[in-house]
Amino acid sequence: MPISIETFFLDSDAEGTLQARIQQMVAQGILAGRFRPGERLPSSRRMAQHLGVSRITVTLAYTELVADDYLTSKGRSGYFVSENAPEPPAFPAQQAPNSTVDWGRVIGHKHLPAFNMDRPKDWASYKYPFIYGQTDPTLFDSANWRLCALQALGKRDFSAMTADYYDRDDPKLIEFIARQILPRRGILAGPEEVLVTMGAQNALWLTAQVVLNARRRAAIEDPSYPALRTILTQSSCQLSPVSVDKDGLPPEAIPDGTDVVFTTPSHHCPTACTMPLDRRKALLQKAEDDDFLIVEDDYEFEMSFLKAPSPSLKSLDQNGRVIYVGSFSKSLFPGLRLGYLVGPAPFIREARALRASILRHPPGQIQRTVAYYLSLGHYDALVRRMSKAYEQRRMVIDQAIADNGLTVAGQGTFGGSSIWMKAAPHIDTQHLADILRAKGVLIEPGAPFFHSTNPPENYFRVAYSSIPASRISAGIGHIADALRTLEEKGHA
C-alpha cells in the first residue's frame, strides 16, 4: 500500500541539513506507527517535487534510511518501510505540551454520557454475553444484505446513492415504511407524515428539540431508557419521572401541567411489561383532556413470538396526539442507525427542517439498500428466523431461571429479547457484574435505568439476543452461583 505524499512535510523548526531533516521526517513516521512495514514511500522524484528540494537530497536521505534498516529498496519498485524497522513505542502520541485553552470556559454546554453503562467492545469474545441489542451473526442474512447493497450501488440507482436529497428521503424506503411496516401496527400515514432518522435515538432527540423548551414539562417512565433522560436534560425542559407498575405507565400519575409524555407501552424499557389496552385508551383520553402529546417508542415490536403485540398507541389515536418512533436497529442490526418518525404533517415538517440543518438526510445508499432488503422479502424472512430463535432461547432461559430460583421482575408478554431481574435488597448488581465479567458472563446492572440520584441497586437485565441457546443454562448458573455467594456474605 503506498503512503500518500500529502502526509509528508518538513518541520520548519527542526535542526540540521535538508537531508537530515528528511531522514528524521520518515523515521518519526515509522516510530509513531503512521508508516507500517511493507508500505511504499513516494518515489524520490515525487518527494523532491513535493518538498521543493533536489532529488539527490531525497535519494541520499533514502539511502541512509536503507542503511539503518528503516527502509528497504526493491529496485524499480521503489522504497518500502522495512520489515525490520524499529517497532513504534507502546505509549500514546505526545499531546500538545502547553495548551493555553481554558476548556472549562470555552465549552458552552456540558453533555452527560448517553448511557452511563459499561459495555465492553469485545463483548462477542465473552462466553456468556447476556447483553441487550447486539447482533447475532448466526441469524443475520448477510448474503442477501450484500446483494441488496450491490444492487443499490448499480448504475440504475446511481442518483439514489449520489444525489443530495436536501431535506427529503429515499421515496422507495418511505413508500415501504408507509405501505408495509406501519400497517402492521395499525398505522396509516402519508409520505408527508414519515421522516427517516439516524436510529430511534436521533428520532427522540429531534422530537424533544421540536416540542420542548425550558418552559415545558416532559413526563418519562421510571425506570426508563437512559439515553432518553440525557436527551431531555439537554433540551432544558422540566422533567417529571413517573414510576411504572406491572402494566407500565399509570396515566393517573402523570402530573398536571405536563406537555409531552414519553412512553414505551408495547415493551417497556427495561422491565419489558406491556401496557394493557384499557390503560392505553385511558392514556389517550388523559392526553386529550389535559392537552399533552405522547411520544411512543415502539421498539422491538417485531419480536412477538409468544402472541401478537397489542395495538400501538398511534393506531388508537383519533386526535393526532401521538408521535411514533420506530427503528430497524433491533430487527436488522444496531450499526445501521436507521429509524423513522411518524406524526402529523406540521410536526414532521419541523423535524425535517431541524434534521436538514444538522445532517440533511441519512445516506442515500444506505436508505436504498434497506428499501431493497425490505421490498424483496428478506426483512420478513429475517424477522421470522430471529423470532424462532428467540422463542427457543426464551424457553431455555425461563427454565434456567426457574431451576436456579432466581427472581424475575419483568418480562415481555408477547416476546422481546430480555428479562428484568431482581436480586436481594442488599445486592449491588454493579459489583455482581464485575464478578461475573471475570467468569466470562456479561449482564446489565439496573441502576442506570432509574431517574433517582439514589437508585435501587439490586435490579439487572439479562438479554438473550446475542447468546446461543446452548450456553444460556450454564450462564444463568454462573449468575445464580455469584448471587448465592454475595447473599451468604451479606448474611454472615
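Trainee: What makes the contact between the side chains of arginine 355 and aspartate 169 a salt bridge?

Mentor: In this predicted model, the side chains of arginine 355 and aspartate 169 come to 2.7 Å, N to O. A salt bridge asks for a side-chain nitrogen of Lys or Arg within 4 Å of a carboxyl oxygen of Asp or Glu, so the pair qualifies. Arginine 355 lies in helix α12 and aspartate 169 in the loop between α6 and α7, so the salt bridge ties together parts that are 186 residues apart in sequence.

Trainee: Why is arginine 355 called buried?

Mentor: Its relative accessible area is 1%, and buried means under 20%, so arginine 355 belongs in that class. Aspartate 169, with a relative accessible area of 8%, is buried as well. These two residues are also linked with Arg352 in a network of salt bridges.

Trainee: Why does aspartate 245 count as partly exposed, and how does arginine 279 count?

Mentor: Aspartate 245 has 33% relative accessibility, which falls between the cut-offs of 20% and 50%, and therefore it counts as partly exposed. Arginine 279, at 15%, counts as buried. The side chains of aspartate 245 and arginine 279 meet in a salt bridge at 2.8 Å, N to O, and this pair links distant parts of the chain, with aspartate 245 in the loop between β6 and β7 and arginine 279 in helix α10, 34 residues apart.

Trainee: What makes lysine 246 exposed?

Mentor: Exposed means over 50%, and lysine 246 stands at 69% relative accessibility, so lysine 246 counts as exposed. Lysine 246 forms a salt bridge with aspartate 247, where the closest N and O atoms are 3.2 Å apart.

Trainee: How do you know that cysteine 237 is not bonded to the closest cysteine sulfur?

Mentor: The closest cysteine sulfur, in cysteine 269, is 18 Å from the sulfur of cysteine 237, whereas a disulfide needs the two sulfur atoms within 2.5 Å, so this pair is too far for a bond. A search of the whole structure finds 0 disulfides. Cysteine 237 counts as buried, at 12% relative accessibility.

Trainee: How do you know that the buried residues of helix α15 are on the same side?

Mentor: In helix α15, which covers residues 429-437, the residues Thr429, Leu432, Ala433 and Leu436 are buried. They cover an arc of only 100° around the axis, and therefore they are on the same side of α15. At the N-terminal end of α15, aspartate 428 acts as a cap, with a side-chain oxygen 3.0 Å from the backbone nitrogen of glutamine 430.

Technical notes. Residues numbered from 1 in each chain as written. Predicted model: local features only at pLDDT ≥ 70, side-chain atom pairs only at ≥ 80, totals over all residues. Heavy atoms only, no water. Buried < 20%, exposed > 50% of the residue type's maximum accessible area, 1.4 Å probe, protein only. Helix = DSSP H or I, 4+ residues; strand = E, 2+ residues; numbered from the N terminus. Arc of directions from axis to C-beta. Polar contact = N/O pair within 3.5 Å; in protein donor to acceptor, adjacent residues only side chain to side chain.
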